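Open your viewer, switch on a cartoon view and keep the selection box handy. We will go stop by stop, picking residues and looking at what surrounds them.

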Amino acid sequence: MANHETGVDAAVPQPKQSRAGRNLPAAIAVGVLLAGTLVYTLLFAPRFWVLILAVAAPVGTHEITRRLREAGYDVPFIPLALGGQAMLWLSLPFGARGVLGAFGATVVICMIWRLVHRGLNHTPVNYLRDMSAMILIAVWVPLCMSFAALLVFRDNGPGRVLCLLFPVVFSDVGGYAVGVLFGKHPMAPAISPKKSWEGLAGSLVAGTAAAVFAVTMFLDRPWWVGLPLGLLLVFTGVFGDLIESQVKRDLGIKDMGRLLPGHGGIMDRLDALLPAAVVTWIVLAVLP
């Protein structure tokens, strides 16, 4: 993920950047803190996992809506934020039915909200464009995040969540390390110039190994279950990253936010995890 646009004069000493464009010490410190918090929560207070998601969802939603408004979109934050909370919290008593119902209600409310918030006497401008963006946000952030919440309510829920986190994190680390050291062939130069095919190979090795370790250690499942899980999560994570990079290119920005030093915004950290949560839920539900 990309580093910050500091906006500071060139004469002022800047934090040392890595070849991949990150403030590496800050990125490592923030990454270790986040990982430690999540693992501690899953091991000792797994129900608070939903609370963490419920805090992250409106932050990520606000980052995207703010950036879209800067680009001229008319995308209200309130119905998306409230709908996201409904999806996450209704997953607790009602499971997937609660998530689906809350998502449907969110879409309907957003359609009405965008139509009437300036008054029915004014013809909405760019209604189709703005509604498409709102539905994209509702799917991208709270709906995908709800699958991460659903994981924790199943048998051995914390282990299931760790089977999501371990492959995605190690895929990112492996891809970053191999890409920095050996990356010479750009994978998608028009979207993310620093991603390389060598980095993808590093992601595949590290992410698949982490998935095999996770399913055997945390779920006591056959090791081979980790192979399709790892491969799918690596590809989903890489394309999740590329999708966010494409959105940022469309908007002409470098980061979604500046909340996390060395990483960018919340969405710059969740871009791979959000679609990967859907894939993890499906794979662990289907495979024995």
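Start by selecting asparagine 156: with a relative accessible area of 41%, this residue is partly exposed, because that value falls between the 20% limit for buried and the 50% limit for exposed. Keep in mind as you look around that this is a predicted model. Asparagine 156 sits in the loop that links α5 and α6. Check its backbone too: phi is near 55°, a positive value in a residue that is not glycine. In general, most residues other than glycine have a negative phi.

**A second asparagine**

Now select asparagine 126, in the loop between α4 (96-116) and α5. Asparagine 126 also has a positive phi, about 55°, although it is not a glycine. Its relative accessible area is 41%, so asparagine 126 counts as partly exposed.

**Zoom out**

Before going further, colour the whole chain by secondary structure. How many helices and strands does the protein chain have? You should find 10 helices and two strands. Following the sequence, the order is α-α-α-α-α-α-β-β-α-α-α-α. Of the 288 residues in the protein chain, 48% are buried. Contacts also reach along the sequence: among those between residues at least 6 apart, 69% join residues at least 24 apart.

**Helices α5 and α6**

Return to the loop of asparagine 156 and select the helices on either side, α5 (residues 127-152) and α6 (residues 157-182). Two packed helices are described by the angle between their axes and the distance between the axes. Here the axes come within 6 Å and cross at roughly 140°, which means that α5 is oblique to α6. To see where they touch, show side chains for Ala148, Leu151 and Val152 of α5, together with Gly157, Pro158, Arg160, Val161 and Leu164 of α6. Colour this set by character and you get six nonpolar residues, one polar and one charged.

**Alanine 214 and its surroundings**

Next, select alanine 214, which belongs to helix α7 (residues 197-218). Is alanine 214 buried or exposed? Its relative accessibility is 0%, so alanine 214 counts as buried. Leaving out residues up to four places away in sequence, alanine 214 touches Leu162, Cys163, Phe166 and Leu219. Try the distance tool on alanine 214 and valine 161: they are 53 residues apart in sequence, and their C-alpha atoms are 9.8 Å apart in space. Valine 161 may look familiar, as one of the α6 residues in the contact with α5.

**A look at the cysteines**

One of the contacts of alanine 214 is Cys163, so stay there for a moment: cysteine 163 is buried, with a relative accessible area of 0%. Then select cysteine 144, which is buried as well because its relative accessible area is 12%, under the 20% limit. A disulfide is a covalent bond between the sulfur atoms of two cysteines. How many disulfides are there in this model? With a cut-off of 2.5 Å between the sulfur atoms, the count comes to zero.

**Helices α7 and α8**

Keep α7 selected and add helix α8 (residues 226-251). Their axes come within 8 Å and cross at roughly 135°, so α7 is oblique to α8. The crossing of α7 and α8 is right-handed. On the α7 side, show Leu200, Ser203, Leu204, Gly207, Thr208, Ala211, Val212 and Val215; on the α8 side, show Gly226, Leu227, Leu229, Gly230, Leu231, Val234, Phe235 and Val238. These contact residues divide into 11 nonpolar, five polar and no charged.

Now step into the loop between α7 and α8 and pick valine 225. Valine 225 counts as buried because its relative accessibility is 0%. A line from valine 225 to valine 215 spans 7.0 Å, C-alpha to C-alpha, with 10 residues of separation in sequence. Valine 215 is one of the α7 residues that meet α8.

**Last stop: a strand**

Finish with serine 192, in strand β2 (residues 192-196). Serine 192 counts as buried, because 13% relative accessibility is under the 20% limit. Which residues does serine 192 contact, leaving aside its neighbours within four places in sequence? Show Leu242, Ser245 and Arg249, and you have them on screen.

Technical notes
Residues numbered from 1 in each chain as written. Predicted model: local features only at pLDDT ≥ 70, side-chain atom pairs only at ≥ 80, totals over all residues. Heavy atoms only, no water. Axes fitted to C-alpha atoms, helices over the stretch in contact; angles between N-to-C directions. Helix = DSSP H or I, 4+ residues; strand = E, 2+ residues; numbered from the N terminus. Parallel < 35°, antiparallel > 145°, perpendicular 65-115°, else oblique. Contact = heavy atoms within 4.5 Å. Nonpolar A, V, L, I, M, F, W, Y, C, P; charged D, E, K, R; others polar. Buried < 20%, exposed > 50% of the residue type's maximum accessible area, 1.4 Å probe, protein only. Left-handed = near helix turned anticlockwise from the far one by under 90°.
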